[in-house]
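Notebook open, structure loaded. I'll jot down what I look up as I go.

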Amino acid sequence: MKQIETMLAQVNGVRLTTSSAYYQTEGEGLALLVVENTLGSAVLALQGAHLISYIPAQGQDLLWLSPNAIFKPAKAIRGGIPLCMPWFGGHPDGLPSHGFARAMDWQLRSAQNLADGGTELVLCLQDNEQTLAIWPHAFEFELTVRVGRCLDLSLKIENRSDTSLPYTYAFHSYFAVEDYTQVAVQGLAGCEYIDTVGEHVRLLQTGDMTFSGTTDRVYLNVPAEQKIVTAQRSIQIVSDTHSAVVWNPGAHAANIGDLGAGVNQTFVCVERGNVFDNGLLLAAGETHTATMSLSA
Ligand code: TA6
């Protein structure tokens, strides 16, 4: 926790505190930053630059956090917005699923109050001994988080190696809903998707997307905007990325330690990023930027 105290000392004037309210007491726990302003509040773990809560003023949390989430170094938190990168999903050489960025400590680069009343944090992760042991390439990842009327994220991926490299990534967002079987996702109609439950068949979405049982789909070349519509509210997702992944494990949640039977009822994952056919090839020295904005 020493590192976090040093960081906070550097960002005087910004309403930024640490919290122990969320993390379990097992082992060291994880360093969490709490951002509060008149427009909203957010909680973020330095591990993975991982948002676990975003509440707009007078609103409710847009994000879902598992009641069985484990706050332990090197273990990705179940819920919020894990950043899956530099690859999404499994890796052909058996490297960690969804990349390593979500399980590594990021640094807080800066924090400032914005003129509109919001707060901006910039976090970064560069190649280091730990990442090079897994993946022998130089890089810098930078996440800018703006907490205000919306939650605005901007992710920069810089290939600092001397060769072209493939990258796939996603904002693996978990959204809070009352009942996932009653949710309609708008903004995917007409898109091709790969049903990754089973044989990876390619199908075309007609009308709104709905969840029933175990659902895992990768939508390609999607429009910028989706809406998660429930009886209580509507959550808007806007991103300049080209893929959307929708996931709920259904009954399989019972076999996932940091979920549990029935716990899946109250979330849907609608993830934006560039995955599968929408993956990138970044030339040596090239930088790619992706944005996502969430609002209720
Ligand atoms: O984005 C959907 C997905 O890739 C699913 O296949 C499912 O496994 C999920 O992510 C969660 O992955 P995780 O490694 O966080 O357990």
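**Entry 1: a histidine in a strand**

In which strand is histidine 288 found? I looked it up: histidine 288 is in strand 23, which covers residues 287-295. Before going further, a note to self that this is a predicted model.

Next I checked whether histidine 288 is buried or exposed. Its relative accessible area is 17%, and the cut-off for buried is under 20%, so histidine 288 goes down as buried. Its side chain has a polar partner: I get 2.7 Å to the side chain of tyrosine 169. I also pulled the contact list, skipping residues up to four places away in sequence. Histidine 288 touches Leu155, Lys156, Ile157, Tyr169, Asn274, Leu280 and Leu282. So Tyr169, the polar partner, turns up in the contact list as well.

**Entry 2: the ligand site**

Which residues are around the ligand? My list reads Arg78, Phe88, His98, Arg102, His172, Asp216, Val245, Trp247 and Glu271.

Then I went for polar distances to ligand oxygen atoms. For arginine 78, a polar side-chain atom sits 3.1 Å from a ligand oxygen. For histidine 172 I wrote down 3.0 Å, again from a polar side-chain atom to an oxygen of the ligand. For glutamate 271, an N or O atom of the side chain is 2.8 Å from an oxygen atom of the ligand. How much of the ligand's accessible area does the protein cover? On its own the ligand has 390 Å², and the protein covers 74% of that.

**Entry 3: salt bridges**

How many salt bridges does the structure hold? The count is eleven. I took three of them one at a time.

Arginine 109 pairs with glutamate 140, with 2.8 Å between the closest N and O atoms. Arginine 109 is in strand 6 and glutamate 140 in strand 8 (residues 139-147), so this bridge ties together parts 31 residues apart in sequence. I looked up accessibility for both ends. Arginine 109 is partly exposed at 41%, while glutamate 140 is buried at 7%.

Glutamate 120 and arginine 146 make another pair, and here the closest N and O atoms are 2.7 Å apart. Because glutamate 120 lies in strand 7 (residues 119-126) and arginine 146 in strand 8, the pair links parts 26 residues apart in sequence. The acid is buried here too: glutamate 120 has a relative accessible area of 8%. Arginine 146 comes out partly exposed, at 39%.

My third pick was lysine 227 with glutamate 225, at 3.7 Å from N to O. Lysine 227 is partly exposed at 30%, and glutamate 225 is partly exposed at 34%.

I also asked which residues are linked in a network of salt bridges. The network consists of Arg109, Glu140, Glu142, Lys156, Glu158 and Arg160. Arg109 and Glu140 are the pair I had just written up, and Lys156 is in the contact list of histidine 288 from the opening entry.

**Entry 4: nonpolar cores**

Which members of the largest nonpolar core touch the most other members? They are Phe141 and Val145, in a core of 62 residues. Strand 8 gives the most to this core, with five residues.

I followed up on phenylalanine 141 and left aside its neighbours within four places in sequence. Its contacts are Met85, Pro86, Phe100, Ala101, Trp106, Leu123, Cys124, Leu125, Lys156, Ile157 and Tyr167. There is also a second, separate core of ten residues, which includes Trp64, Ala253, Val263 and Phe267.

**Entry 5: backbone oddities**

Most residues other than glycine have a negative phi, and most peptide bonds are trans. I went looking for exceptions.

Where is there a cis peptide bond? I found one joining methionine 85 and proline 86, with omega at about 5 degrees. Proline 86 is in the loop between strand 5 (83-84) and strand 6 (107-113). Met85 and Pro86 were both in the contact list of phenylalanine 141.

For positive phi I noted two residues. Glutamine 58 has phi of about 60 degrees and is in the loop between strand 4 (50-56) and strand 5. Asparagine 221 has phi near 50 degrees, and its place is in the loop between strand 17 (215-219) and strand 18 (225-229). Buried or exposed? Glutamine 58 is exposed at 84% relative accessibility, and asparagine 221 is exposed at 55%.

Key:
Residues are numbered from 1 along each chain as its sequence is written. This is a predicted model: local features need pLDDT of at least 70, side-chain atom pairs count only at pLDDT 80 or more; totals for chains, interfaces and linings use all residues. Side-chain values use heavy atoms; hydrogens and water are left out. Helices (H or I, at least four residues) and strands (E, at least two) are DSSP runs, numbered from the N terminus. Buried means under 20% relative accessible area, exposed over 50%, partly exposed in between (1.4 Å probe, protein chains only). A salt bridge is a side-chain nitrogen of Lys or Arg within 4 Å of a carboxyl oxygen of Asp or Glu. A nonpolar core is a set of buried Ala, Val, Leu, Ile, Met, Phe, Trp, Tyr and Cys residues joined through side-chain atoms within 4.5 Å. Contact means heavy atoms within 4.5 Å. A residue is near a molecule or strand if one of its heavy atoms lies within 4 Å of it. A polar contact is a pair of N or O atoms within 3.5 Å; within protein, one must be able to donate a hydrogen and the other to accept it, and residues adjacent in sequence count only if both atoms are side-chain atoms. Accessible areas come from the Shrake-Rupley method with a 1.4 Å probe; for residues, only the protein chains shown count as cover.
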